[in-house]
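This report introduces a molecular structure to a reader who is new to the subject. Please look at the sequence and the structure before reading on.

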Amino acid sequence: MTEHLLRLDDVRTDIGHYHILHGVSLVIPEGGVHVLLGRNGAGKTTTLRTIMGLWRAARGAIIFDNRDITGSHTADIARLGVAYVPENMGIFSTLTVLENLRLATATGAFNNERLDRAYDLFPAIRQFRDKRAGTLSGGQKQMLAIARAIIERRRLILIDEPTKGLSPAIIRAMIGVFREIALETTILLVEQNFLFARSLGDSVAVIDDGRIAHSGAMASLAADSGLQTRLLSLSLDAHG
Amino acid sequence: MAEAPTSDSLPWYRALANVNWLPAALALAAFAAIGSPATWVTLTVAGLAMGMMIFLMASGLSLVFGLMDVLNFGHSAFVTFGAFIAATVLARLAGWNTADTPFLSVVALLLAIGAAALFGLVAGWFFERVIIRPVYQDHLRQILVTIGALIVAQELVMVFWGGSPVSVPRPLILSGSLVFGDISIEIYRIFAVILGLIVYVGMHLGLNRTRIGLLVRAGVENREMVEALGFRIDRLFIGVFMVGSALAALGGAMWAGYETLIAPDLGSEVLVLVFIVVIIGGLGSVEGSLIGALLVGLTNNYVAFLMPKLALASTMILMVLVLIWRPLGLKPAAKG
(Lines give C-alpha, C1' and ligand atoms only; values in the text may rest on other atoms or scores of the structure.)
Protein backbone atom coordinates (compact mmCIF):
# COMPACT_ATOMS: atom_id res chain seq x y z
CA MET A 1 0.00 0.00 0.00
CA THR A 2 1.33 3.46 -0.92
CA GLU A 3 1.03 6.46 1.38
CA HIS A 4 -0.67 8.51 -1.31
CA LEU A 5 -2.64 6.86 -4.05
CA LEU A 6 -2.86 9.99 -6.19
CA ARG A 7 -0.90 13.22 -6.17
CA LEU A 8 -1.28 16.27 -8.37
CA ASP A 9 1.68 18.67 -8.35
CA ASP A 10 1.04 22.17 -9.68
CA VAL A 11 -1.12 20.86 -12.54
CA ARG A 12 -2.10 23.40 -15.17
CA THR A 13 -4.57 22.62 -17.91
CA ASP A 14 -5.51 24.79 -20.88
CA ILE A 15 -8.53 24.22 -23.08
CA GLY A 16 -8.03 26.04 -26.35
CA HIS A 17 -6.86 29.54 -25.42
CA TYR A 18 -8.38 29.36 -21.94
CA HIS A 19 -6.34 28.58 -18.84
CA ILE A 20 -8.65 26.46 -16.68
CA LEU A 21 -6.39 24.96 -14.02
CA HIS A 22 -3.78 27.39 -12.68
CA GLY A 23 -1.69 25.01 -10.61
CA VAL A 24 -3.75 22.41 -8.79
CA SER A 25 -1.92 20.50 -6.08
CA LEU A 26 -3.80 17.72 -4.39
CA VAL A 27 -3.02 14.60 -2.40
CA ILE A 28 -5.48 11.69 -2.24
CA PRO A 29 -4.64 8.97 0.29
CA GLU A 30 -5.61 5.37 -0.36
CA GLY A 31 -9.09 4.38 0.83
CA GLY A 32 -12.15 6.41 1.75
CA VAL A 33 -14.14 9.12 0.02
CA HIS A 34 -12.43 12.38 -0.90
CA VAL A 35 -14.49 15.29 -2.10
CA LEU A 36 -13.58 18.09 -4.46
CA LEU A 37 -16.00 20.95 -3.91
CA GLY A 38 -16.45 24.10 -5.91
CA ARG A 39 -18.87 26.30 -7.78
CA ASN A 40 -19.70 25.95 -11.47
CA GLY A 41 -16.69 26.66 -13.64
CA ALA A 42 -14.19 26.40 -10.78
CA GLY A 43 -12.27 23.58 -12.47
CA LYS A 44 -13.69 20.45 -10.79
CA THR A 45 -14.55 18.55 -13.96
CA THR A 46 -11.34 19.70 -15.64
CA THR A 47 -9.37 18.29 -12.71
CA LEU A 48 -11.01 14.86 -13.08
CA ARG A 49 -10.62 14.87 -16.87
CA THR A 50 -6.97 15.84 -16.57
CA ILE A 51 -6.33 13.00 -14.11
CA MET A 52 -8.05 10.63 -16.55
CA GLY A 53 -5.94 11.89 -19.47
CA LEU A 54 -8.96 13.17 -21.37
CA TRP A 55 -7.35 16.60 -21.30
CA ARG A 56 -3.59 16.98 -21.22
CA ALA A 57 -1.89 18.87 -18.41
CA ALA A 58 0.14 21.71 -19.89
CA ARG A 59 2.42 21.69 -16.83
CA GLY A 60 2.82 19.86 -13.56
CA ALA A 61 2.76 16.18 -12.70
CA ILE A 62 0.11 13.58 -11.89
CA ILE A 63 1.40 10.64 -9.87
CA PHE A 64 -0.81 7.57 -9.43
CA ASP A 65 0.43 4.70 -7.30
CA ASN A 66 4.02 6.05 -7.52
CA ARG A 67 3.79 6.13 -11.31
CA ASP A 68 3.88 9.32 -13.37
CA ILE A 69 0.75 9.24 -15.52
CA THR A 70 1.05 12.81 -16.83
CA GLY A 71 0.55 12.54 -20.59
CA SER A 72 -0.44 8.87 -20.46
CA HIS A 73 -3.22 7.70 -22.77
CA THR A 74 -6.67 7.56 -21.18
CA ALA A 75 -6.99 3.84 -21.91
CA ASP A 76 -3.65 3.13 -20.22
CA ILE A 77 -4.71 5.11 -17.14
CA ALA A 78 -7.97 3.14 -17.01
CA ARG A 79 -6.00 -0.12 -17.23
CA LEU A 80 -4.07 0.91 -14.12
CA GLY A 81 -7.35 0.60 -12.21
CA VAL A 82 -8.86 4.06 -12.51
CA ALA A 83 -12.58 4.24 -13.30
CA TYR A 84 -14.34 7.40 -14.42
CA VAL A 85 -18.02 8.26 -14.06
CA PRO A 86 -18.55 11.50 -16.00
CA GLU A 87 -21.17 14.09 -15.21
CA ASN A 88 -23.29 12.98 -18.18
CA MET A 89 -22.84 9.36 -16.98
CA GLY A 90 -21.36 8.19 -20.31
CA ILE A 91 -23.97 5.48 -20.77
CA PHE A 92 -24.12 3.80 -24.20
CA SER A 93 -27.80 4.29 -24.84
CA THR A 94 -28.05 1.91 -27.83
CA LEU A 95 -26.46 -0.98 -25.93
CA THR A 96 -28.29 -3.07 -23.37
CA VAL A 97 -27.65 -2.63 -19.66
CA LEU A 98 -25.69 -5.90 -19.61
CA GLU A 99 -23.62 -4.87 -22.66
CA ASN A 100 -22.75 -1.62 -20.88
CA LEU A 101 -21.49 -3.64 -17.92
CA ARG A 102 -19.66 -6.13 -20.14
CA LEU A 103 -17.72 -3.34 -21.84
CA ALA A 104 -16.27 -2.37 -18.47
CA THR A 105 -14.69 -5.80 -18.00
CA ALA A 106 -11.16 -6.25 -19.30
CA THR A 107 -11.84 -9.56 -21.06
CA GLY A 108 -15.56 -9.46 -21.71
CA ALA A 109 -16.22 -12.14 -19.09
CA PHE A 110 -17.98 -11.31 -15.84
CA ASN A 111 -16.77 -12.22 -12.39
CA ASN A 112 -20.11 -13.57 -11.14
CA GLU A 113 -19.42 -12.51 -7.57
CA ARG A 114 -18.90 -8.90 -8.61
CA LEU A 115 -21.86 -8.97 -10.99
CA ASP A 116 -24.07 -10.19 -8.13
CA ARG A 117 -22.68 -7.47 -5.90
CA ALA A 118 -23.57 -4.82 -8.50
CA TYR A 119 -27.06 -6.34 -8.76
CA ASP A 120 -27.40 -6.31 -4.96
CA LEU A 121 -26.38 -2.66 -4.76
CA PHE A 122 -28.63 -1.69 -7.67
CA PRO A 123 -31.57 -4.10 -8.02
CA ALA A 124 -32.94 -2.08 -10.97
CA ILE A 125 -29.85 -3.03 -12.98
CA ARG A 126 -30.70 -6.72 -12.62
CA GLN A 127 -34.36 -6.06 -13.46
CA PHE A 128 -33.59 -4.17 -16.67
CA ARG A 129 -30.38 -5.93 -17.71
CA ASP A 130 -31.69 -6.86 -21.18
CA LYS A 131 -33.22 -3.44 -21.89
CA ARG A 132 -31.52 -0.76 -23.92
CA ALA A 133 -29.76 1.60 -21.52
CA GLY A 134 -31.27 4.58 -23.32
CA THR A 135 -34.70 3.60 -21.98
CA LEU A 136 -33.63 3.88 -18.32
CA SER A 137 -34.59 6.82 -16.14
CA GLY A 138 -31.95 9.35 -15.04
CA GLY A 139 -31.51 7.70 -11.65
CA GLN A 140 -31.20 4.24 -13.18
CA LYS A 141 -28.60 5.52 -15.65
CA GLN A 142 -26.58 6.90 -12.75
CA MET A 143 -26.81 3.52 -11.03
CA LEU A 144 -25.62 1.81 -14.21
CA ALA A 145 -22.73 4.25 -14.55
CA ILE A 146 -21.60 3.48 -10.99
CA ALA A 147 -22.22 -0.27 -11.39
CA ARG A 148 -19.98 -0.15 -14.48
CA ALA A 149 -17.24 1.50 -12.43
CA ILE A 150 -17.30 -1.29 -9.81
CA ILE A 151 -17.91 -4.32 -12.04
CA GLU A 152 -14.18 -4.96 -11.72
CA ARG A 153 -12.05 -4.09 -8.74
CA ARG A 154 -10.55 -0.60 -9.19
CA ARG A 155 -7.93 1.29 -7.23
CA LEU A 156 -9.58 4.68 -7.73
CA ILE A 157 -13.01 5.80 -8.90
CA LEU A 158 -13.46 9.36 -10.17
CA ILE A 159 -17.10 10.44 -9.95
CA ASP A 160 -18.33 13.75 -11.33
CA GLU A 161 -21.44 15.23 -9.65
CA PRO A 162 -23.44 12.02 -9.22
CA THR A 163 -26.36 13.81 -7.52
CA LYS A 164 -27.01 16.25 -10.34
CA GLY A 165 -30.66 16.14 -11.38
CA LEU A 166 -31.55 13.25 -9.05
CA SER A 167 -34.40 13.18 -6.54
CA PRO A 168 -33.63 13.48 -2.79
CA ALA A 169 -34.74 9.86 -2.25
CA ILE A 170 -32.23 8.54 -4.79
CA ILE A 171 -29.50 10.80 -3.37
CA ARG A 172 -30.14 9.39 0.13
CA ALA A 173 -29.90 5.84 -1.23
CA MET A 174 -26.64 6.71 -2.97
CA ILE A 175 -24.97 7.73 0.26
CA GLY A 176 -25.23 4.14 1.54
CA VAL A 177 -24.04 2.74 -1.77
CA PHE A 178 -20.96 4.98 -1.87
CA ARG A 179 -20.09 4.10 1.71
CA GLU A 180 -20.14 0.42 0.81
CA ILE A 181 -18.09 0.93 -2.36
CA ALA A 182 -15.52 2.92 -0.37
CA LEU A 183 -14.86 -0.15 1.77
CA GLU A 184 -12.84 -1.69 -1.07
CA THR A 185 -11.65 1.27 -3.12
CA THR A 186 -10.82 4.97 -3.09
CA ILE A 187 -13.37 7.47 -4.36
CA LEU A 188 -12.61 10.99 -5.57
CA LEU A 189 -15.96 12.71 -5.76
CA VAL A 190 -16.68 16.05 -7.40
CA GLU A 191 -19.72 17.74 -5.89
CA GLN A 192 -21.63 20.98 -5.44
CA ASN A 193 -24.12 19.49 -3.00
CA PHE A 194 -22.47 20.18 0.35
CA LEU A 195 -24.93 18.13 2.44
CA PHE A 196 -24.27 15.07 0.30
CA ALA A 197 -20.52 15.69 0.34
CA ARG A 198 -20.47 16.23 4.12
CA SER A 199 -22.28 12.98 4.81
CA LEU A 200 -19.78 10.98 2.74
CA GLY A 201 -16.41 12.65 2.65
CA ASP A 202 -13.38 11.76 4.74
CA SER A 203 -11.43 14.65 3.32
CA VAL A 204 -12.31 17.70 1.28
CA ALA A 205 -10.61 20.09 -1.08
CA VAL A 206 -12.24 23.27 -2.28
CA ILE A 207 -11.32 24.50 -5.72
CA ASP A 208 -11.92 28.01 -6.98
CA ASP A 209 -10.77 29.62 -10.20
CA GLY A 210 -8.55 26.67 -11.07
CA ARG A 211 -6.68 26.60 -7.74
CA ILE A 212 -7.14 24.65 -4.50
CA ALA A 213 -8.43 27.19 -1.98
CA HIS A 214 -8.66 24.81 0.97
CA SER A 215 -7.97 21.18 1.80
CA GLY A 216 -8.30 19.13 4.97
CA ALA A 217 -10.54 16.75 6.86
CA MET A 218 -14.24 16.96 6.07
CA ALA A 219 -15.05 16.83 9.77
CA SER A 220 -13.01 19.99 10.38
CA LEU A 221 -14.83 21.89 7.64
CA ALA A 222 -18.20 20.63 8.85
CA ALA A 223 -17.44 21.77 12.41
CA ASP A 224 -15.87 25.12 11.56
CA SER A 225 -18.62 27.57 10.75
CA GLY A 226 -16.06 30.35 10.33
CA LEU A 227 -14.27 28.40 7.65
CA GLN A 228 -17.55 27.59 6.00
CA THR A 229 -18.45 31.30 6.07
CA ARG A 230 -15.14 32.19 4.45
CA LEU A 231 -15.80 29.60 1.76
CA LEU A 232 -19.37 30.76 1.26
CA SER A 233 -18.14 33.10 -1.41
CA LEU A 234 -17.19 29.96 -3.30
CA SER A 235 -20.90 29.06 -3.36
CA LEU A 236 -20.57 26.04 -1.14
CA ASP A 237 -23.87 26.74 0.53
CA ALA A 238 -25.76 27.01 -2.73
CA HIS A 239 -27.12 23.52 -2.28
CA GLY A 240 -26.52 23.07 1.40
CA MET B 1 -35.99 3.54 -6.32
CA ALA B 2 -36.51 1.80 -9.66
CA GLU B 3 -38.71 3.56 -12.17
CA ALA B 4 -40.19 1.52 -15.01
CA PRO B 5 -38.40 2.32 -18.27
CA THR B 6 -40.23 2.95 -21.48
CA SER B 7 -40.63 -0.25 -23.43
CA ASP B 8 -38.19 -1.24 -26.18
CA SER B 9 -40.90 -2.97 -28.17
CA LEU B 10 -43.05 -0.86 -30.45
CA PRO B 11 -46.80 -1.30 -30.84
CA TRP B 12 -47.73 -2.83 -34.21
CA TYR B 13 -48.85 0.44 -35.79
CA ARG B 14 -45.56 2.16 -34.79
CA ALA B 15 -43.59 -0.87 -36.07
CA LEU B 16 -45.32 -0.50 -39.45
CA ALA B 17 -44.13 3.11 -39.59
CA ASN B 18 -40.55 1.91 -39.10
CA VAL B 19 -38.12 3.19 -41.76
CA ASN B 20 -37.05 -0.41 -42.46
CA TRP B 21 -40.17 -0.73 -44.59
CA LEU B 22 -39.36 2.25 -46.83
CA PRO B 23 -37.71 0.30 -49.69
CA ALA B 24 -40.68 -2.12 -49.75
CA ALA B 25 -43.14 0.80 -49.68
CA LEU B 26 -41.26 2.47 -52.55
CA ALA B 27 -41.34 -0.77 -54.55
CA LEU B 28 -45.10 -1.13 -53.99
CA ALA B 29 -45.74 2.46 -55.03
CA ALA B 30 -43.63 1.92 -58.15
CA PHE B 31 -45.64 -1.21 -58.96
CA ALA B 32 -48.81 0.88 -59.05
CA ALA B 33 -47.12 3.49 -61.26
CA ILE B 34 -45.40 1.05 -63.67
CA GLY B 35 -48.29 -1.34 -64.21
CA SER B 36 -46.43 -4.11 -66.04
CA PRO B 37 -45.29 -6.82 -63.55
CA ALA B 38 -42.44 -7.97 -65.83
CA THR B 39 -41.00 -4.46 -66.15
CA TRP B 40 -41.47 -3.87 -62.43
CA VAL B 41 -39.57 -7.04 -61.49
CA THR B 42 -36.71 -6.20 -63.87
CA LEU B 43 -36.44 -2.65 -62.54
CA THR B 44 -36.74 -3.79 -58.92
CA VAL B 45 -33.98 -6.39 -59.22
CA ALA B 46 -31.78 -3.84 -61.04
CA GLY B 47 -32.47 -1.32 -58.27
CA LEU B 48 -31.71 -3.81 -55.51
CA ALA B 49 -28.47 -4.86 -57.23
CA MET B 50 -27.37 -1.26 -57.67
CA GLY B 51 -28.34 -0.54 -54.07
CA MET B 52 -26.36 -3.48 -52.72
CA MET B 53 -23.22 -2.46 -54.62
CA ILE B 54 -23.52 1.09 -53.29
CA PHE B 55 -24.11 -0.35 -49.81
CA LEU B 56 -20.77 -2.18 -50.05
CA MET B 57 -19.05 1.10 -50.82
CA ALA B 58 -20.98 3.23 -48.33
CA SER B 59 -21.13 1.11 -45.16
CA GLY B 60 -17.41 1.43 -44.41
CA LEU B 61 -17.43 5.19 -44.98
CA SER B 62 -20.38 5.56 -42.62
CA LEU B 63 -18.69 3.57 -39.85
CA VAL B 64 -15.43 5.47 -40.30
CA PHE B 65 -17.28 8.75 -39.86
CA GLY B 66 -19.32 7.46 -36.95
CA LEU B 67 -16.34 6.09 -35.06
CA MET B 68 -13.77 8.85 -35.55
CA ASP B 69 -15.61 11.83 -37.12
CA VAL B 70 -13.37 11.41 -40.15
CA LEU B 71 -14.60 12.79 -43.47
CA ASN B 72 -12.81 10.71 -46.09
CA PHE B 73 -13.38 12.03 -49.60
CA GLY B 74 -10.63 9.69 -50.75
CA HIS B 75 -12.90 6.69 -50.06
CA SER B 76 -13.79 6.40 -53.73
CA ALA B 77 -10.12 5.84 -54.62
CA PHE B 78 -10.55 2.33 -53.17
CA VAL B 79 -13.63 1.87 -55.38
CA THR B 80 -11.65 2.85 -58.49
CA PHE B 81 -8.64 0.69 -57.68
CA GLY B 82 -10.91 -2.23 -56.74
CA ALA B 83 -12.65 -1.99 -60.11
CA PHE B 84 -9.42 -1.83 -62.13
CA ILE B 85 -7.69 -4.58 -60.15
CA ALA B 86 -10.68 -6.91 -60.59
CA ALA B 87 -10.81 -6.06 -64.32
CA THR B 88 -7.10 -6.82 -64.67
CA VAL B 89 -7.37 -10.18 -62.87
CA LEU B 90 -10.38 -11.19 -64.99
CA ALA B 91 -8.57 -10.15 -68.18
CA ARG B 92 -5.41 -12.08 -67.20
CA LEU B 93 -7.49 -15.18 -66.42
CA ALA B 94 -9.59 -14.89 -69.59
CA GLY B 95 -8.51 -18.41 -70.55
CA TRP B 96 -10.34 -19.77 -67.49
CA ASN B 97 -13.54 -18.01 -68.49
CA THR B 98 -14.92 -20.49 -71.02
CA ALA B 99 -18.06 -22.59 -71.22
CA ASP B 100 -15.95 -25.74 -70.80
CA THR B 101 -14.43 -24.63 -67.50
CA PRO B 102 -17.27 -23.38 -65.25
CA PHE B 103 -15.28 -24.22 -62.10
CA LEU B 104 -12.27 -22.17 -63.26
CA SER B 105 -14.63 -19.35 -64.18
CA VAL B 106 -15.84 -19.22 -60.58
CA VAL B 107 -12.25 -19.35 -59.31
CA ALA B 108 -11.35 -16.43 -61.59
CA LEU B 109 -14.28 -14.45 -60.23
CA LEU B 110 -13.34 -15.16 -56.62
CA LEU B 111 -9.70 -14.27 -57.32
CA ALA B 112 -10.75 -10.97 -58.91
CA ILE B 113 -12.99 -10.04 -55.98
CA GLY B 114 -10.41 -11.28 -53.45
CA ALA B 115 -7.57 -9.32 -55.07
CA ALA B 116 -9.65 -6.14 -54.98
CA ALA B 117 -10.61 -6.65 -51.33
CA LEU B 118 -7.04 -7.52 -50.33
CA PHE B 119 -5.79 -4.38 -52.03
CA GLY B 120 -8.42 -2.35 -50.13
CA LEU B 121 -7.31 -3.89 -46.85
CA VAL B 122 -3.60 -3.11 -47.34
CA ALA B 123 -4.13 0.28 -49.00
CA GLY B 124 -6.60 1.17 -46.23
CA TRP B 125 -3.91 0.56 -43.62
CA PHE B 126 -1.45 2.75 -45.54
CA PHE B 127 -4.05 5.48 -46.17
CA GLU B 128 -5.06 5.66 -42.50
CA ARG B 129 -1.47 5.83 -41.28
CA VAL B 130 -0.15 8.35 -43.82
CA ILE B 131 -3.14 10.47 -44.90
CA ILE B 132 -5.79 10.32 -42.17
CA ARG B 133 -3.85 10.07 -38.89
CA PRO B 134 -2.13 13.48 -39.15
CA VAL B 135 -5.48 15.25 -39.61
CA TYR B 136 -7.66 13.72 -36.86
CA GLN B 137 -9.96 16.29 -35.20
CA ASP B 138 -9.67 18.72 -38.11
CA HIS B 139 -12.49 18.44 -40.63
CA LEU B 140 -11.26 21.16 -42.97
CA ARG B 141 -7.82 19.58 -43.36
CA GLN B 142 -9.45 16.14 -43.70
CA ILE B 143 -11.51 17.37 -46.65
CA LEU B 144 -8.54 19.04 -48.34
CA VAL B 145 -6.09 16.19 -47.76
CA THR B 146 -8.47 13.38 -48.74
CA ILE B 147 -9.64 15.18 -51.90
CA GLY B 148 -5.96 15.65 -52.75
CA ALA B 149 -5.35 11.94 -52.16
CA LEU B 150 -8.30 11.11 -54.44
CA ILE B 151 -6.80 13.22 -57.25
CA VAL B 152 -3.41 11.53 -56.80
CA ALA B 153 -5.09 8.09 -56.81
CA GLN B 154 -6.93 8.89 -60.05
CA GLU B 155 -3.66 9.97 -61.66
CA LEU B 156 -2.05 6.72 -60.49
CA VAL B 157 -4.86 4.75 -62.12
CA MET B 158 -4.14 6.61 -65.37
CA VAL B 159 -0.43 5.81 -65.02
CA PHE B 160 -1.10 2.08 -64.57
CA TRP B 161 -4.13 1.56 -66.83
CA GLY B 162 -4.12 4.60 -69.15
CA GLY B 163 -6.81 7.22 -69.63
CA SER B 164 -9.06 5.26 -71.97
CA PRO B 165 -12.01 3.23 -70.73
CA VAL B 166 -11.18 -0.39 -69.95
CA SER B 167 -13.58 -3.17 -70.85
CA VAL B 168 -14.35 -5.71 -68.12
CA PRO B 169 -14.91 -9.32 -69.15
CA ARG B 170 -17.88 -10.43 -67.06
CA PRO B 171 -17.40 -14.01 -65.78
CA LEU B 172 -19.26 -16.43 -68.00
CA ILE B 173 -21.07 -17.98 -65.08
CA LEU B 174 -22.63 -14.59 -64.28
CA SER B 175 -23.47 -13.70 -67.86
CA GLY B 176 -26.92 -14.05 -69.34
CA SER B 177 -30.34 -13.88 -67.76
CA LEU B 178 -32.88 -16.06 -66.03
CA VAL B 179 -36.20 -15.97 -67.85
CA PHE B 180 -39.55 -16.64 -66.15
CA GLY B 181 -42.31 -16.05 -68.69
CA ASP B 182 -42.18 -12.33 -69.55
CA ILE B 183 -39.72 -11.65 -66.75
CA SER B 184 -36.01 -11.55 -67.50
CA ILE B 185 -33.48 -11.08 -64.70
CA GLU B 186 -29.74 -10.67 -65.26
CA ILE B 187 -27.78 -13.29 -63.29
CA TYR B 188 -25.10 -10.72 -62.40
CA ARG B 189 -27.72 -8.63 -60.59
CA ILE B 190 -28.90 -11.60 -58.57
CA PHE B 191 -25.27 -12.27 -57.64
CA ALA B 192 -24.81 -8.63 -56.56
CA VAL B 193 -27.89 -8.83 -54.34
CA ILE B 194 -26.77 -12.12 -52.77
CA LEU B 195 -23.22 -10.86 -52.16
CA GLY B 196 -24.55 -7.63 -50.65
CA LEU B 197 -26.86 -9.60 -48.34
CA ILE B 198 -23.99 -11.87 -47.27
CA VAL B 199 -21.83 -8.84 -46.43
CA TYR B 200 -24.70 -7.18 -44.56
CA VAL B 201 -25.42 -10.30 -42.50
CA GLY B 202 -21.70 -10.67 -41.79
CA MET B 203 -21.44 -7.06 -40.65
CA HIS B 204 -24.61 -7.38 -38.59
CA LEU B 205 -23.35 -10.50 -36.82
CA GLY B 206 -19.88 -9.02 -36.40
CA LEU B 207 -21.25 -5.84 -34.85
CA ASN B 208 -23.85 -7.53 -32.64
CA ARG B 209 -22.30 -10.85 -31.64
CA THR B 210 -18.61 -10.11 -31.09
CA ARG B 211 -16.67 -8.12 -28.52
CA ILE B 212 -14.99 -6.03 -31.22
CA GLY B 213 -18.43 -5.28 -32.65
CA LEU B 214 -19.61 -4.23 -29.21
CA LEU B 215 -16.62 -1.88 -28.93
CA VAL B 216 -17.29 -0.44 -32.41
CA ARG B 217 -20.95 0.21 -31.57
CA ALA B 218 -20.00 1.80 -28.28
CA GLY B 219 -17.21 3.81 -29.95
CA VAL B 220 -19.58 5.21 -32.56
CA GLU B 221 -21.81 6.46 -29.72
CA ASN B 222 -19.19 7.75 -27.28
CA ARG B 223 -15.55 7.35 -28.26
CA GLU B 224 -14.23 9.06 -25.14
CA MET B 225 -16.06 6.75 -22.75
CA VAL B 226 -14.75 3.65 -24.52
CA GLU B 227 -11.23 4.96 -23.94
CA ALA B 228 -12.07 5.71 -20.30
CA LEU B 229 -13.02 2.03 -19.97
CA GLY B 230 -9.52 1.05 -21.05
CA PHE B 231 -9.68 0.49 -24.81
CA ARG B 232 -7.53 2.17 -27.47
CA ILE B 233 -10.10 3.42 -29.94
CA ASP B 234 -7.40 4.48 -32.42
CA ARG B 235 -6.32 0.83 -32.77
CA LEU B 236 -9.94 -0.19 -33.25
CA PHE B 237 -10.38 2.55 -35.82
CA ILE B 238 -7.56 1.37 -38.05
CA GLY B 239 -9.23 -2.07 -38.23
CA VAL B 240 -12.57 -0.51 -39.13
CA PHE B 241 -10.88 1.73 -41.71
CA MET B 242 -9.17 -1.26 -43.33
CA VAL B 243 -12.42 -3.26 -43.49
CA GLY B 244 -14.29 -0.21 -44.84
CA SER B 245 -11.64 0.26 -47.55
CA ALA B 246 -11.77 -3.45 -48.46
CA LEU B 247 -15.57 -3.25 -48.79
CA ALA B 248 -15.24 -0.16 -51.00
CA ALA B 249 -12.77 -2.03 -53.25
CA LEU B 250 -15.13 -5.02 -53.28
CA GLY B 251 -17.97 -2.69 -54.27
CA GLY B 252 -15.75 -1.27 -57.02
CA ALA B 253 -15.00 -4.78 -58.31
CA MET B 254 -18.72 -5.57 -58.43
CA TRP B 255 -19.47 -2.22 -60.07
CA ALA B 256 -16.86 -2.98 -62.77
CA GLY B 257 -18.66 -6.21 -63.68
CA TYR B 258 -21.98 -4.38 -63.62
CA GLU B 259 -20.87 -1.54 -65.94
CA THR B 260 -18.48 -3.72 -68.05
CA LEU B 261 -16.69 -0.54 -69.18
CA ILE B 262 -14.76 1.47 -66.60
CA ALA B 263 -12.82 4.74 -66.65
CA PRO B 264 -10.41 6.30 -64.12
CA ASP B 265 -13.08 8.77 -62.94
CA LEU B 266 -15.39 5.88 -61.90
CA GLY B 267 -14.72 6.50 -58.21
CA SER B 268 -15.49 10.21 -58.22
CA GLU B 269 -18.72 9.53 -60.13
CA VAL B 270 -19.82 6.95 -57.58
CA LEU B 271 -18.67 9.12 -54.65
CA VAL B 272 -21.71 11.38 -54.99
CA LEU B 273 -24.06 8.38 -54.70
CA VAL B 274 -22.06 7.00 -51.79
CA PHE B 275 -22.25 10.27 -49.84
CA ILE B 276 -25.96 10.59 -50.56
CA VAL B 277 -26.49 7.07 -49.16
CA VAL B 278 -24.43 7.80 -46.04
CA ILE B 279 -26.35 11.05 -45.43
CA ILE B 280 -29.78 9.50 -46.10
CA GLY B 281 -29.02 6.49 -43.93
CA GLY B 282 -27.62 8.51 -41.03
CA LEU B 283 -23.93 8.83 -40.23
CA GLY B 284 -22.39 5.87 -38.41
CA SER B 285 -25.21 3.42 -39.09
CA VAL B 286 -24.72 0.23 -41.13
CA GLU B 287 -28.46 -0.49 -41.15
CA GLY B 288 -29.12 3.08 -42.26
CA SER B 289 -26.60 2.68 -45.08
CA LEU B 290 -28.40 -0.44 -46.29
CA ILE B 291 -31.81 1.24 -46.29
CA GLY B 292 -30.38 4.38 -47.91
CA ALA B 293 -28.56 2.37 -50.59
CA LEU B 294 -31.66 0.35 -51.46
CA LEU B 295 -33.75 3.53 -51.67
CA VAL B 296 -31.18 5.18 -53.96
CA GLY B 297 -30.86 2.09 -56.18
CA LEU B 298 -34.62 1.61 -56.52
CA THR B 299 -35.38 5.32 -57.02
CA ASN B 300 -32.69 5.59 -59.67
CA ASN B 301 -34.13 2.70 -61.70
CA TYR B 302 -37.83 3.53 -61.28
CA VAL B 303 -37.39 7.21 -62.12
CA ALA B 304 -35.16 6.42 -65.10
CA PHE B 305 -38.05 4.34 -66.48
CA LEU B 306 -41.00 6.54 -65.48
CA MET B 307 -39.48 10.02 -65.88
CA PRO B 308 -36.14 9.74 -67.74
CA LYS B 309 -35.53 13.50 -67.66
CA LEU B 310 -35.59 13.42 -63.86
CA ALA B 311 -33.24 10.43 -63.56
CA LEU B 312 -30.09 12.43 -62.84
CA ALA B 313 -31.77 14.57 -60.20
CA SER B 314 -33.78 11.76 -58.59
CA THR B 315 -31.28 10.80 -55.89
CA MET B 316 -30.70 14.45 -54.95
CA ILE B 317 -34.46 14.96 -54.66
CA LEU B 318 -34.68 11.81 -52.55
CA MET B 319 -31.96 13.13 -50.22
CA VAL B 320 -33.69 16.50 -49.86
CA LEU B 321 -37.02 14.84 -49.04
CA VAL B 322 -35.45 12.52 -46.46
CA LEU B 323 -33.54 15.36 -44.80
CA ILE B 324 -36.67 17.53 -44.60
CA TRP B 325 -38.40 14.60 -42.88
CA ARG B 326 -35.44 13.44 -40.79
CA PRO B 327 -32.59 15.96 -40.68
CA LEU B 328 -30.16 13.43 -39.18
CA GLY B 329 -30.99 10.70 -41.72
CA LEU B 330 -33.19 7.64 -41.46
CA LYS B 331 -31.24 5.72 -38.80
CA PRO B 332 -28.47 7.88 -37.39
CA ALA B 333 -26.18 6.32 -34.80
CA ALA B 334 -26.77 7.72 -31.31
CA LYS B 335 -24.04 10.08 -30.16
CA GLY B 336 -23.17 10.38 -26.47
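The following paragraphs describe a sheet, a helix that crosses it and a contact between chains.

The model is predicted. In chain A, six strands make up an open sheet, and their order is S6-S7-S8-S3-S9-S10. The pairing within this sheet is mixed. Its edges are formed by strands S6 and S10 of chain A, each of which pairs on one side only. On average, and with direction ignored, neighbouring strands are turned by 15° against each other.

At one edge, strands S9 and S10 of chain A pair in the antiparallel sense, and six bridges join them. One of the residues involved is A:Ile207, whose bridge partner in S10(A) is A:Ile212.

Helix H1 of chain A, residues 44-51, lies across S3, S6, S7, S8 and S9 of chain A. The helix runs at about 150° to S7(A).

Chain A also meets a second chain: 33 residues of chain A are in contact with 22 residues of chain B. The elements of chain A that give two or more residues to this side are listed below.

| Helix of chain A | Residues |
|---|---|
| H2 | 74-79 |
| H3 | 97-103 |
| H5 | 123-127 |
| H6 | 138-150 |
| H7 | 168-181 |

Which of these elements gives the most to the side of chain A that touches chain B? It is H2(A), with four residues. As for residue character, the side of chain A that touches chain B consists of 16 nonpolar, twelve polar and five charged residues.

Note on methods:
Residues numbered from 1 in each chain as written. Chains lettered and ligands numbered in written order. Predicted model: local features only at pLDDT ≥ 70, side-chain atom pairs only at ≥ 80, totals over all residues. Contact = placed C-beta atoms within 7 Å. Nonpolar A, V, L, I, M, F, W, Y, C, P; charged D, E, K, R; others polar. Pairing = 2+ DSSP bridges. Axes fitted to C-alpha atoms, helices over the stretch in contact; angles between N-to-C directions.
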